[in-house]
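Dear colleague,

Please find below the structure that I am handing over to you, together with its sequence. My notes on its pockets, its internal space and one residue of interest follow.

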Amino acid sequence: MLPSFLSPVSAYGLYLRRCFTAAGLSSYTLDVDHETTVHFWAPTNRTAQKPAVVLIHGFGPAAIWQWRQQVQFLAPHFNVYVPDLIFFGGSSSTSSERSETFQAASVGKLLDKLKVEKFQVVGTSYGGMVAYNLAKMFGEERVEKVVIASSGVNMKRSNNVALVQRAELEKIEDLMLPATPQQLRKLMSLSVYRTPQFLPHFLLNDFLHKLYSENRKEKKELLKGLTIGKDESSTLSPLQQGVLIVWGEQDQIFPVQMARELKEIISRKARLELIKEASHVPQMEKPREFNNILLNFLQAHS
């Protein structure tokens, strides 16, 4: 285990914080109820003329690791809010709830506290499931548009089983919560189209210690607490908002066929955009293409 002053991951984390700050965001922590505390990034000076957009991260490192390129790109156009989901980053709760609907309710309480009346929401992977539920809870009166990126909102039990088989692991938590360099390499090989060929063990161990060691018990409970993917029939109900679905064509976590199926059921106004030579994190692999697709959708008149 590397001390912080020798840790490449710690050093890059400081760089990410500076990027968020340079984009005009500040780090805050707020009690949203008597059980739950949310850490989030929000505009240092909110501008009344700008619409609001909420970026919800996936099941992995804290939000700053997943949205850097989007924050810097979107901040000139929007008031950007980036929460850490519960048990990620600086967010925590004494509640026993662990579902994606609980995560959505926590984000909703945060936005109520911040008096963000109307907003658009963007969620990637696990965050897409949270974004979907947030849109259902608040309706089109408050959530104006929804972007779901690389997210198995329509996941069935067979999708879950197939993912574990592709990963050649025993349990989904071995993939989503890697504990060894070998497991982290497997997660990267499925998540990234062009996986770096040489990543030394000390660097992988640094990632594991700095980004995957906290709240492991609670994160395992979050995986077990998902309400989707347990049955072979999807109970997904349509959204009333306009929906953009963005997917990497080579996604091996949620294969692209799931995106096509999702488009047919999530909204009559749904639009699907596929990004070539990208896997499960197109916002990081192809940020320029992802950002342009995102901005065109968010700024278009409904």
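**Pockets, cavity and His-201**

The largest pocket holds about 890 Å³ of space. Please bear in mind that this is a predicted model.

The lining of this largest pocket is made up of 33 residues, and those nearest its centre are Pro-61, Trp-65, Val-192, Val-281 and Met-284. Helices α1 (8–22), α2 (68–74), α7 (181–191), α8 and α11 (282–285) each contribute at least two residues to the lining of the largest pocket. Among these, α7 gives the most, with four residues. By class, the lining of the largest pocket comprises 20 nonpolar, ten polar and three charged residues.

The second largest pocket has a volume of about 480 Å³. Its lining counts 25 residues, with Ala-62, Trp-65, Gly-89, Lys-210 and Leu-211 nearest the centre. Trp-65 thus appears among the residues nearest the centre of the largest pocket and among those nearest the centre of the second largest pocket. At least two lining residues of the second largest pocket come from each of α1, β2 (36–43) and α8. Here α1 gives the most, with five residues. The lining of the second largest pocket divides into eleven nonpolar, nine polar and five charged residues.

As for enclosed space, the structure holds one cavity of 30 Å³ or more, and the volume of the largest cavity is about 30 Å³. Val-38, Pro-83, Asp-84, Leu-85, Ile-86, Gln-103, Ser-106 and Val-107 form the lining of this cavity. Helix α3 (residues 100–113) supplies the largest share of that lining, three residues. In terms of class, the cavity lining has five nonpolar, two polar and one charged residues.

I also looked at one residue of helix α8. His-201 belongs to this helix, which covers residues 201–211. Is His-201 buried, partly exposed or exposed? His-201 is partly exposed, because its relative accessible area is 40%, a value between the 20% under which a residue is buried and the 50% over which a residue is exposed. Leaving aside residues up to four places away in sequence, His-201 touches Pro-181, Gln-182 and Arg-185. The C-alpha atoms of His-201 and Ile-293 lie 36 Å apart, and the two residues are separated by 92 residues along the chain.

With kind regards

How values were computed
Residues are numbered from 1 along each chain as its sequence is written. This is a predicted model: local features need pLDDT of at least 70, side-chain atom pairs count only at pLDDT 80 or more; totals for chains, interfaces and linings use all residues. Side-chain values use heavy atoms; hydrogens and water are left out. Buried means under 20% relative accessible area, exposed over 50%, partly exposed in between (1.4 Å probe, protein chains only). Contact means heavy atoms within 4.5 Å. On a 1 Å grid over the protein atoms alone, a cavity is a set of points where a 1.4 Å probe fits but cannot get out, and a pocket is an open set with protein on both sides within 12 Å along at least five of seven lines; lining residues have an atom within 4 Å of a point. Grid points are joined across faces, edges and corners, and a volume is the space filled by probe spheres set on the points. Ala, Val, Leu, Ile, Met, Phe, Trp, Tyr, Cys and Pro count as nonpolar, Asp, Glu, Lys and Arg as charged, and the others, Gly among them, as polar.
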